[in-house]
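Okay, thanks for coming, everybody. I'll put the structure up and walk you through it, starting at one end of the chain and then heading for the middle.

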Amino acid sequence: MKKNIKYIDCDGVILDTETGLFDEYNKLKQQDPTLKRLVYLQQLNWQYWIRQAKIIGNAIEILKQQNPDDVAILTKVHSLAEGLAKIEYFRELGVKNNVILVPNDIKKSSVVQATGNLLLDDSIKNLDDWALYGGIPMFFNQFGENKEIFKEQTTLNECYPLITSLETFFSKETDDYCKIMRLKR
Ligand SMILES: [Mg+2]
């Protein structure tokens with residue numbers, strides 16, 4: 001029988017790397033209006049930034065209780081330095097799961113097989129793509145809000161189950177939901 005993998009997004013699900021991320025960018029952009037968001041993210045000191053980010057809920061401890069063969073971290077990166085910082089950080093904390101880096105300009109489903117596998121993500125765009133390729137998407141929002149705010153735009157989550165903590169994600173309810181979703185195919 002095929003083994004199903006639970007993929008978990010990093011930014012906004014395990015770590016709150018996004019709060020304050022663009023404060024400095026917005027200041028710099030006032031001085032230099034040509035500064036691109038991507039360039040800013042590529043030049044950011046991720047070794048520092050990842051360590052100042054708050055861990056969401058009890059995400060690291062909950063991850064460490066799971067079998068690393070079943071759960072992988074699937075994270076978009078804007079540079080290899082960002083990827084390196086993330087991998088080093090997780091290893092320092094004793095997280096043994098695979099950390100899969102997805103270059104910012106390609107889809108998560110282009111890097112790993114979505115079919116029959118679960119993705120927990122706070123990006124509706126990522127979840128739509130995951131669903132398109134036969135994966136099982138679940139929407140994360142730690143505040144229990146069915147909406148995503150990205151680049152000052154709000155998108156409502158109208159399609160996917162809402163998950164507010166990794167405790168709920170790693171529950172029998174989630175496993176039962178996945179079984180039903182796989183049977184529907
Ligand atoms: Mg995210």
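**From the last helix to the core**

Let's begin with helix α9, residues 172-184: its 13 residues reach 19 Å from the first C-alpha to the last, close to the 18 Å you'd expect at 1.5 Å a residue. How many of those residues are buried? The count is zero, so to speak a bare helix: α9 is hardly covered.

Before going further, keep in mind that this is a predicted model. Stepping back, the protein has nine helices and ten strands. The C-alpha trace spans about 55 × 35 × 30 Å along the principal axes. For 185 residues, the rule for a compact globule gives a radius of gyration near 16 Å, and the 17 Å we get here agrees with that. Of those 185 residues, 29% count as buried. And if you take contacts between residues at least 6 apart in sequence, 60% of them join residues at least 24 apart.

Now the sheet. What's the strand order? Reading across, you get β5-β4-β1-β6-β7-β10, an open sheet of six strands with parallel pairing. The edges are β5, residues 98-103, and β10, each of which pairs on one side only.

The strand I'd like to dwell on is β7, residues 136-140. Five of its five residues are buried, so the rest of the structure largely encloses this strand. I136, M138 and F140 point one way, P137 and F139 point the other way, and all of them are buried. Getting there from β6, the chain goes through helix α7, residues 124-132, and that β-α-β crossover is right-handed.

Who sits beside β7? On one hand there's β6, residues 118-121, running parallel and joined to β7 by four bridges. Within that pairing, L119 has P137 as its bridge partner. Then there's β10, residues 162-163, which also runs parallel to β7, with two bridges between them. There, the bridge partner of F140 is I163.

On to the packing. The largest nonpolar core has 30 residues, and the ones with the most contacts inside it are I8, V13, I14, L119, L120 and M138. Which elements give two or more residues to this core? They are β1 (6-8), α4 (59-64), β4 (71-77), β6, α7, β7 and α8 (166-169). The largest share, four residues, comes from β7, the strand we just saw with five of five residues buried.

If you want one residue to click on in the core, try I8. Leaving out residues up to four places away in sequence, I8 touches V13, I14, V71, I73, L74 and L120.

Last stop, back out at a sheet edge: β5 is one of the edge strands, and N98 has its place in β5. Is N98 buried, exposed or partly exposed? Partly exposed, because it has 14 other C-beta atoms within 10 Å, and the buried label starts at 20 or more. N98 and P68 are 30 residues apart in sequence, yet their C-alpha atoms are 7.1 Å apart in space.

That's the tour, so go ahead and spin the model around.

Key: Residues numbered from 1 in each chain as written. Predicted model: local features only at pLDDT ≥ 70, side-chain atom pairs only at ≥ 80, totals over all residues. Rg over C-alpha atoms; globule rule 2.2 N^0.38 Å. Buried ≥ 20, exposed ≤ 12 C-beta atoms within 10 Å, placed from the backbone. Contact = placed C-beta atoms within 7 Å. Expected span 1.5 Å × (residues − 1). Pairing = 2+ DSSP bridges. Right-handed = clockwise from strand over helix to strand, strands pointing away. Core = buried A, V, L, I, M, F, W, Y, C linked by C-beta atoms within 7 Å.
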